[in-house]
Amino acid sequence: MTVVGPFGLSVRDQALEADVQAGLAAVEEGLLEATKSDVPFITGSAQHLVRAGGKRFRPLLVMLAAQFGDPYSPGVVPSAVVVELTHLATLYHDDVMDEADVRRGVASANARWGNSVAVLTGDFLFARASHILADLGPDAVRIQAEAFERLVTGQILETAGPRDGRDPIDHYLDVLAGKTGSLVAVAMRFGAMMSGADESTVNILTQYGERLGTAFQLADDVLDIASDSHESGKTPGTDLREGIPTLPVLRLRARAESSSGTAEDRALAELLAGDLTDDARHAEALAGLRAHPALEEARRDTVRHAEEARASLAPLPACTAKAALEGLCDAVVHRAG
């Protein structure tokens, strides 16, 4: 058994491991090449997060999906670079909106160079991704454009909040499907499509990616509360400080507003609804949520979505790539504790 990719994913087949490792190495070279500029300052800011590392979760999915066709097809690696560049660009923008100081264990771009440089660097990465896409054909351009629209829509819906009468948790899951599920689904779709897999397989893997992406983000929600900065690579409780209601907070609110809610539930919900820019209040809220049953409820939600992703793979024939994708479902659950 060997270990590749994010979360220590186990791969039991030497040929699959070799393909995945070679593909990820090529993606890494592609990312560095795509983030070069004639202006040294732009190269430095654009490669800031590339060189900081990261899980390369989406490129890994492209490589695994490509196993259902010809993994050596020429469009596989460039499509993985496109997906990761798009993801990196959103991180630059997210950190500006969240006023985050740390990303992947290093100073965020906005903390180092300011908001304007961070936003423009994200735009630069989007432009480079589009340039690569142009060589992959009009279908790839359309798929990426639709996913990017969903991603931005999800971000706007998160900012706007649920409309009157809409269940906040249902609204939030729709937000996650757009913000995270859409791009993870594209990673699976590109890998399968670029490798020449049949249409049915492409559709199955795309559905898997959508569901796994939601589970992945739910695990991130749990990590934002439960982990320290060394484990997660970013400042704990960032979403809390910014007043972004992630699933643990929404679960707490639902308990506090129900007839069975306790005084402790309501007191913690009131604290979370207040100004958490104060460090002492933020620490109190973070500690309270870590000890509250709402966090465990969010963990169970993560498990459920990961199992739905696994179930979507059922029509595919047994193979090492399918086993690896099933293993990713286990890894996402383990990540959430």
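Helix H5 is largely enclosed by the rest of the structure, because 20 of its 23 residues are buried (buried meaning under 20% relative accessible area, exposed over 50% and partly exposed in between, with a 1.4 Å probe and protein chains only). Helices here are DSSP runs of H or I with at least four residues, strands are runs of E with at least two, and both are numbered from the N terminus. The model is a predicted one, in which local features need pLDDT of at least 70 and side-chain atom pairs count only at pLDDT 80 or more, while totals for chains, interfaces and linings use all residues. Residues are numbered from 1 along each chain as its sequence is written, and side-chain values use heavy atoms, with hydrogens and water left out.

H5 covers residues 76-98, and its end C-alpha atoms lie 33 Å apart. This agrees with the 33 Å that its 23 residues should span at 1.5 Å a residue, the expected span being 1.5 Å times one less than the number of residues. Just after H5, Glu99 adopts a positive phi of about 55 degrees. Most residues other than glycine have a negative phi.

Within H5 sits Glu84, which counts as buried because its relative accessibility is 1%. Leaving aside residues up to four places away in sequence, Glu84 touches Leu31, Arg56, Arg58, Pro59 and Arg104, where contact means heavy atoms within 4.5 Å. One of these partners, Arg56, belongs to the loop between H3 and H4. Arg56 is also buried, with a relative accessible area of 8%, and has a positive phi near 55 degrees although it is a residue other than glycine.

On one side of that loop, helix H3 spans residues 48-51 and includes Arg51. What is the exposure class of Arg51? At 60% relative accessibility, Arg51 counts as exposed. The C-alpha atoms of Arg51 and Leu31 are 9.6 Å apart in space, with their positions 20 residues apart in sequence. Helix H4 (residues 57-66) is largely enclosed by the rest of the structure, since 10 of its 10 residues are buried. Among the buried residues of H4 are Arg58 and Pro59, both of which are touched by Glu84.

Attention now turns to helix H7, which runs over residues 115-134 and contains Asn115. Asn115 is partly exposed, with a relative accessible area of 42%. Its contacts, not counting residues up to four places away in sequence, are with Val96 and Asn110. Asn115 and Asp221 are 106 residues apart in sequence, and their C-alpha atoms are 24 Å apart.

Two packed helices are described by the angle between their axes and the distance between the axes. For H10 (residues 199-226) and H15 (residues 279-290), the axes come within 9 Å and cross at roughly 120 degrees. Such axes are lines fitted to C-alpha atoms, for helices over the stretch in contact, with angles running from 0 to 180 degrees between N-to-C directions. The crossing makes H10 oblique to H15, given that angles under 35 degrees count as roughly parallel, over 145 as roughly antiparallel, 65 to 115 as roughly perpendicular and the rest as oblique. Asp224, Ile225 and Ala226 of H10 make the contact with Leu286, Leu289 and Arg290 of H15. These residues comprise 4 nonpolar, no polar and 2 charged (Ala, Val, Leu, Ile, Met, Phe, Trp, Tyr, Cys and Pro count as nonpolar, Asp, Glu, Lys and Arg as charged, and the others, Gly among them, as polar).

The whole structure holds 17 salt bridges, each defined as a side-chain nitrogen of Lys or Arg within 4 Å of a carboxyl oxygen of Asp or Glu. In one of them, Arg142 pairs with Asp139 at 3.7 Å, N to O. These two residues are 3 apart in helix H8 (residues 138-160), and so are separated by about one helical turn. Arg142 is partly exposed at 38% relative accessibility, and Asp139 is partly exposed at 45%.

Helix H16 (residues 293-312) holds both Arg299 and Glu296, 3 residues apart, and their salt bridge has its closest N and O atoms 3.6 Å apart. Glu296 is partly exposed, with a relative accessible area of 37%. A salt bridge also joins Glu307 to Arg310, with 3.2 Å between the closest N and O atoms. Glu307 and Arg310 likewise lie in H16, about one turn of the helix apart. Salt bridges that share partners further link Arg251, Asp301, Arg304 and Glu308 into one network.
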